[in-house]
Amino acid sequence: MSTSVRLAIDVMGGDFGPRCIIPAVARSLQKTPDLHVILVGATDPVAQLCRQHRLPPERFQLIPTTEVILADDPPASVLRGKKDASMRVAIQQVRDGHADGCLSAGNTGALMVLSRSLLGTLEGIERPAIMAALPVAGKSCFLLDLGANVDCSARQLFEFAVMGSEAASEVSGIDRPRVALLNIGSEVNKGSHNVREAAKLLRKSDLVNYVGHIEGDALFRGGADVVVCDGFVGNVVLKASEGLAGYLQGEIRNALRASLLLRCLAPLLRGALKPTISRHDPGCYNGASLLGLNGVVVKSHGNADEKAFSAAIQQAVRISRAGLPQRIAARLDGLSWPAA
């Protein structure tokens, strides 16, 4: 039996704000009957858009705010100022028990700083990490960290592996996800000192199904279900893969326009290619989880359109319904660190 979920949504974040987010909310409410939302943002134009898209009044609540955290606001400054910012108030709904999870398309650094300050981290976790799914070999591969932590110690990489394994198990249904460390070679002596030390910790632990180092090409061939790296590397991999997906889709469109024969066959070819293109559409995988917090927080791409933001809402629903922070806390309970 499904469990009702209440999400707090920062409707002022992202490149398109309420005019994109409210239609996505309307679509999600229709798709998920047990979803309720707390919309946090400026009364005007949010209230007008809610009426325009006929949001059922019994399934949403609007909390008005007067401030917005901008894309170029330094993360540290948001802790001191903008106390009535939509992002901050949305996170507070989770902290105060009014919402099961929070979703925002706003400033990633600010979202992480505020979430860590307002919710705190799970016991045993030094730093939260950002995790998202990549489409590989006809399925999803979960990659973390994606930018929250540029430099990571061996212990932090180990923590990411544990959190990623639990999250992937819940989201994908895989009982023992294969966990790998992203590296420049598969040999045990390759990579930085911290990566090699993290590998030693993982080999000695039974908390995850560790399968060793993985190179970038093997990642996209489905060599692991969870791939762990520092935030600098992870963010580069994510952005490069999304850029490549967009480039290839553009090349396919250009090829179809290049000749009269292909233009005539375009409807047939588009139908045949549609499943493959959809599988590799970054928007379908929108919604990165901030793992390691005492609460559910999901980050949407700032440039997400209505379809992509709807995907992020569904991701937030799944994570909230699963009670992922509690599951990770249970996995870490009583953890004794193996010697490196």
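User: I'm new here, so let's start with one residue. Which helix does Gln314 lie in?

Analyst: Gln314 is part of helix α11, which spans residues 306–322. Keep in mind that we're looking at a predicted model.

User: How do I read its surroundings? Is Gln314 buried or exposed?

Analyst: The cut-off to know is that buried means under 20% relative accessible area. Gln314 has a relative accessible area of 14%, so this residue is buried. Leaving aside residues up to four places away in sequence, Gln314 touches Ser28, Lys31 and Thr32.

User: There's a pocket around there too. How much space lies in the second largest pocket?

Analyst: About 380 Å³. It is lined by 19 residues, and those closest to its centre are Cys284, Tyr285, Ala311, Gln314 and Arg318. There's our Gln314 again.

User: Which element gives the largest share of that lining?

Analyst: That's α11, with six residues. At least two lining residues each come from α1 (18–31), β5 (129–136), β6 (139–144) and α11. Sorted by class, the lining has seven nonpolar, eight polar and four charged residues.

User: Now two helices together. How should I describe a packed pair?

Analyst: In general, you give the angle between the two axes and the distance between them. Here, take α4 (residues 86–95) and α5 (residues 108–119): they pack at about 35°, and their axes are 10 Å apart. The crossing of α4 past α5 is right-handed.

User: Which residues of α4 and α5 meet?

Analyst: On the α4 side you'll find Met87, Arg88, Ile91, Gln92, Val94 and Arg95. Their partners in α5 are Ala110, Leu111, Leu114, Ser115, Leu118 and Leu119. The contact of α4 with α5 counts eight nonpolar, two polar and two charged residues.

User: Is there a trick for reading spacings like those?

Analyst: Yes: an α-helix has 3.6 residues a turn, so residues three or four places apart point the same way.

User: What about α7: which of its residues are buried?

Analyst: Helix α7 covers residues 193–203, and its buried residues are Val195, Glu197, Ala198, Ala199, Leu201 and Leu202. They pack against α6 (154–172), β7 (178–182) and β8 (209–214).

User: One last residue. Why does Gln249 count as buried?

Analyst: Gln249 sits in helix α9, residues 231–257. Its relative accessibility is 18%, so Gln249 counts as buried, given that the cut-off is under 20%. You can also place Gln249 against Leu122: they are 127 residues apart along the chain, and 41 Å separates their C-alpha atoms.

How values were computed. Residues numbered from 1 in each chain as written. Predicted model: local features only at pLDDT ≥ 70, side-chain atom pairs only at ≥ 80, totals over all residues. Heavy atoms only, no water. Helix = DSSP H or I, 4+ residues; strand = E, 2+ residues; numbered from the N terminus. Buried < 20%, exposed > 50% of the residue type's maximum accessible area, 1.4 Å probe, protein only. Contact = heavy atoms within 4.5 Å. 1 Å grid on protein atoms, 1.4 Å probe; cavity = no way out; pocket = protein on both sides within 12 Å on 5 of 7 lines; lining within 4 Å. Points joined across faces, edges and corners; volume = space filled by probe spheres on them. Nonpolar A, V, L, I, M, F, W, Y, C, P; charged D, E, K, R; others polar. Axes fitted to C-alpha atoms, helices over the stretch in contact; angles between N-to-C directions. Left-handed = near helix turned anticlockwise from the far one by under 90°.
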